[in-house]
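Let's take a friendly look at how helices can pack together in a protein. Have the structure open as you read.

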Amino acid sequence: MGGTLEGKVAIVTGSGRGIGKSIAERLAAEGASVVVNDVDADVAREASAGIPGSVVCVGSVAEVAACDELVATAEREFGKLDILVNNAGITRDAMLHRMTDDEWDLVLDVSLKGTFYLCRSAARLLRQKDAPYNRKVVNMASINGIYGVAGNVNYSAAKGGVIGLTKALAREWAHQKINVNAVAPGYIQGTRLTSARGEGDVLGIPGEVVAKIDAMVPIGRPGQPDDVAASVAFLASADSDYITGQILEIHGGMEIVQLS
């Protein structure tokens with residue numbers, strides 16, 4: 001590992017913790033300079049401290065001004081932008097008949113509108129005539145957006161929208177040597193479902209239930225954030241120059257965990 005992204009500049013949103021942090025670490029290990037982003041300044045700075053050569057830009061991708069500042073930070077600190085990873089997302093789970101307008105809007109604003117806003121903000125740096133190499137956009141979809149999950153209509157709708165955005169933008173930008181793809185993780189440790197392993201469980205899932213889910217994964221183990229990061233690193237590299245408009249599912253053969 002190392003060197004496949006040498007000299008490249010990347011923005012990774014929501015990279016203060018979890019999957020986003022693993023992605024930022026992997027891209028940096030491959031040689032990229034990384035802009036670390038999170039809404040929590042302390043978390044973002046702590047993550048950046050462990051990523052040599054990275055810089056921090058705090059803000060929510062649900063705000064246009066924050067997206068503009070992310071792109072400006074990459075340009076100001078590194079002079080360009082080669083890789084955009086739209087990882088930031090949020091969940092507010094509820095059955096549809098109990099879901100509030102705020103729970104719907106917040107998830108769509110961060111996961112879908114945030115992806116749109118940042119792609120639009122980044123367009124001025126990514127779009128180049130006669131570019132010497134391909135630039136890369138990797139969006140964070142989810143198996144929820146492909147298969148749907150009960151009690152999760154807001155997140156499923158947002159990630160389904162990200163998939164549509166990815167496919168359409170891939171067609172718009174292909175002629176300018178910009179690859180636009182998405183990854184769709186499934187059951188990954190360190191994310192909201194597997195919080196049952198820690199001190200608290202916001203979803204109310206007992207630890208023994210999580211253990212049973214672990215045993216159901218066909219490949220024999222639950223996914224790790226590094227599994228997602230490795231796939232993103234591939235899609236960010238020159239090895240994927242002939243791949244665009246694709247959604248890469250990352251779930252070890254277990255497409256969906258149904259909790260309802």
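This report looks at one helix and its surroundings, then at two helix pairs, in a predicted model.

## Helix H6 and its surroundings

Let's begin with the length of H6, which covers residues 153–173. At 1.5 Å a residue, its 21 residues should span 30 Å, and its end C-alpha atoms are indeed 30 Å apart, so the two values agree.

Which residues of H6 are buried? They include Tyr-155, Val-162, Ile-163, Leu-165, Leu-169 and Trp-173. The buried residues of H6 pack against two helices, H4 (101–126) and H5 (143–147), and against the strands E5 (135–140), E6 (178–185) and E7 (247–250).

## H4 beside H6

The axes of H4 and H6 come within 8 Å and cross at roughly 15°. Because angles under 35 degrees count as roughly parallel, H4 is roughly parallel to H6. The crossing is right-handed.

Among the residues making this contact are Trp-104, Leu-108, Leu-112 and Phe-116 of H4, together with Tyr-155, Val-162, Leu-165 and Trp-173 of H6. Sorted by class, the contact of H4 with H6 has 16 nonpolar, 4 polar and 2 charged residues.

## H1 and H8

Helix H1 (residues 18–29) and helix H8 (residues 225–236) have axes that come within 8 Å and cross at roughly 50°. H1 and H8 are therefore oblique to each other. H1 passes H8 in a right-handed crossing.

In this contact, residues of H1 including Ile-19, Ile-23, Arg-26 and Leu-27 meet residues of H8 including Pro-225, Asp-226, Val-228 and Val-232. The contact of H1 with H8 divides into 10 nonpolar, 2 polar and 2 charged residues.

Terms used. Residues are numbered from 1 along each chain as its sequence is written. This is a predicted model: local features need pLDDT of at least 70, side-chain atom pairs count only at pLDDT 80 or more; totals for chains, interfaces and linings use all residues. Side-chain values use heavy atoms; hydrogens and water are left out. Helices (H or I, at least four residues) and strands (E, at least two) are DSSP runs, numbered from the N terminus. The expected span of a helix is 1.5 Å times one less than its number of residues. Buried means under 20% relative accessible area, exposed over 50%, partly exposed in between (1.4 Å probe, protein chains only). Contact means heavy atoms within 4.5 Å. Axes are lines fitted to C-alpha atoms, for helices over the stretch in contact, and angles run from 0 to 180 degrees between N-to-C directions. Angles under 35 degrees count as roughly parallel, over 145 as roughly antiparallel, 65 to 115 as roughly perpendicular and the rest as oblique. A crossing is left-handed if the near helix is turned anticlockwise from the far one by less than a right angle, and right-handed if clockwise. Ala, Val, Leu, Ile, Met, Phe, Trp, Tyr, Cys and Pro count as nonpolar, Asp, Glu, Lys and Arg as charged, and the others, Gly among them, as polar.
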